[in-house]
Amino acid sequence: MISKMPSPTMRLLARAAGTLPFIVAAVVIVVVWQLVVTLTRPDPSVLPPPIDVLATFGQLIGNGELATDTAYSLARVCAAWLLSAVIAVPLGLLMGTSRSIENIVNPFVELLRPISPLAWIPMAILWFGIGESGKVFVVVIGAFFPVLLNTVVGVKSVDPALLHAGEVFGCNTRFALFRRVVVPASMPAVVVGLRIGFGTGWAAIIAAELVAAQSGLGYLIANGMDVLRADQVLVGMIVIGLLGLLFDTFFRFLQRRFGRGD
Amino acid sequence: MCAAASIGKSLRINGVAKTYATRAGEPLSALGPISIDVEAGEFFVVVGPSGCGKTTLLHLLAGFLKPTEGQILVGGEPIAGPGLDRSVVFQSYALFPWLSVIENVEFGLRAKRMSRSRQREIALHQLRLVGLESFANKRIDELSGGMKQRVAIARAFAVEPSILLMDEPFGALDALTRRVLQRELLRVWQEQRRTVIFITHSVSEALFLADRISLMSARPGRIKAEWRVDASRPRDVTAEPLVKLEREIYAQLDTELTALSTS
């Protein structure tokens, strides 16, 4: 009757089997990279061999530079992502619930949304200089819309039977129904929005740091380019990719936990 | 432990009709006008072909819809919107997946003036009646369809409704689970008598459960015929008097189905 729960060992095996394709892909990338280096012998300032990049990686970890830059980027993206979530989730819940609020807000959203967060970087520099607030601003632009739109869709696609059940079982007011049914029922979609928003925010912070920063992973790779250190650029890129994957995995885990029953 | 004295309230459906406006602006009659009187504590089953307005009727009784004409009275009082006095068991279960089994059963009790510990006590009692006490802290998605509908039945009885509305509650279940749940529903109902309005398209289900069976006609749904079932419970639907009744109901139903297929 009850759905079968796999044993802990089976689950561990399944998870290991799930990560296997990723390990294979990573190995293929490194092998192809090494082949290109072996066959075409490019200048190391253009494309260093994987082993050199690994050495640089160790060196940047050793002198603490990588940790510092990662911490800067993370702090910026987390602050900005939280800020956009604090605005976008309540606004999205309201827009999904009230047709008139949606009609008022939607034109603003549709006009501003196509402007890439990267296009805001020059304005951010003009308005905020190259301090922290400019970068936070750019990431907020990047994370805001996915969170907002997913929240709106989440509210609108709440199963009507759940709304009926809420009304039958004691939600006498629109607010009670909103609080006890609409909000929790939309949570899975909100988590999806937060996940996508974090991803777009992560992309935006790197771009902002490329242009206007003295710290962060974006700065690390921009600086690598300036001093013709392709190995440093590649270390930065690899860390950006791995961290992005890590956050995405974390949010997918949250998604499963908040996932719908049916 | 739960007020056994109460057997629910009478239901009077008085000339109720529902008309929708089509896109072209023309009125489309979905239901009625129909009039039904259901006694307090009666198990009343409505049978009808798909699309005859059974669900519209149930939504009117629940208060999700307002009738275009007529009145619905519960215990002599007109209804005003959905409320705890008329709880519903939905075909799609409509359980809240973010809550545990017991929290689902307690959901309706939150609106009542009683302590949390009293709510828990009532919910556990209801879960015990449907045999799911040991599943109280499970997540909804860990349950089978039959178990979900048991939880929904427990949730519906927990608020001590005057009337229990059931919208093809076992329609999504396999034949064997359906059989088990029909028996279980009767057991729970006999323990805490409520007025039940049960909608189904299964004649044998109606024969097994009902005090009275009402057959609805094709759209716009009207009451076409009515039968009282006096056989004592638990019933054997293969026994002669019930088979005879079944034949009679099918004869009437067939003329409706012909009407549907030729319209």
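Strand β1 of chain B, residues 11-21, runs antiparallel to β2(B), and eight bridges tie the pair together. Within that pairing, V16(B) sits across from I34(B), a residue of β2(B). Bear in mind that this is a predicted model.

Step back a little and the pair turns out to belong to an open sheet of four strands in chain B, ordered β2-β1-β4-β5 and paired antiparallel. At the edges you'll find β2 (27-38) and β5 (77-78) of chain B, each with a partner on one side only.

Chain A is another story: ten helices and zero strands. Follow its sequence and you simply read α-α-α-α-α-α-α-α-α-α. Its C-alpha trace spans about 70 × 55 × 30 Å along the principal axes. Of the 262 residues in chain A, 35% count as buried. As for how the chain folds back on itself, take the contacts in chain A between residues at least 6 apart in sequence: 73% of them join residues at least 24 apart.

So much for the separate chains; now for where they meet. The contact draws on 16 residues from chain A and 26 residues from chain B. On the chain A side, α7 (160-168) and α8 (174-211) each supply at least two residues. The top contributor to that side is α7(A), with six residues. Here is how the chain A residues that touch chain B split up by kind:

| Kind of residue, chain A side | Number |
|---|---|
| Nonpolar | nine residues |
| Polar | four residues |
| Charged | three residues |

How values were computed: Residues numbered from 1 in each chain as written. Chains lettered and ligands numbered in written order. Predicted model: local features only at pLDDT ≥ 70, side-chain atom pairs only at ≥ 80, totals over all residues. Contact = placed C-beta atoms within 7 Å. Nonpolar A, V, L, I, M, F, W, Y, C, P; charged D, E, K, R; others polar. Buried ≥ 20, exposed ≤ 12 C-beta atoms within 10 Å, placed from the backbone. Pairing = 2+ DSSP bridges.
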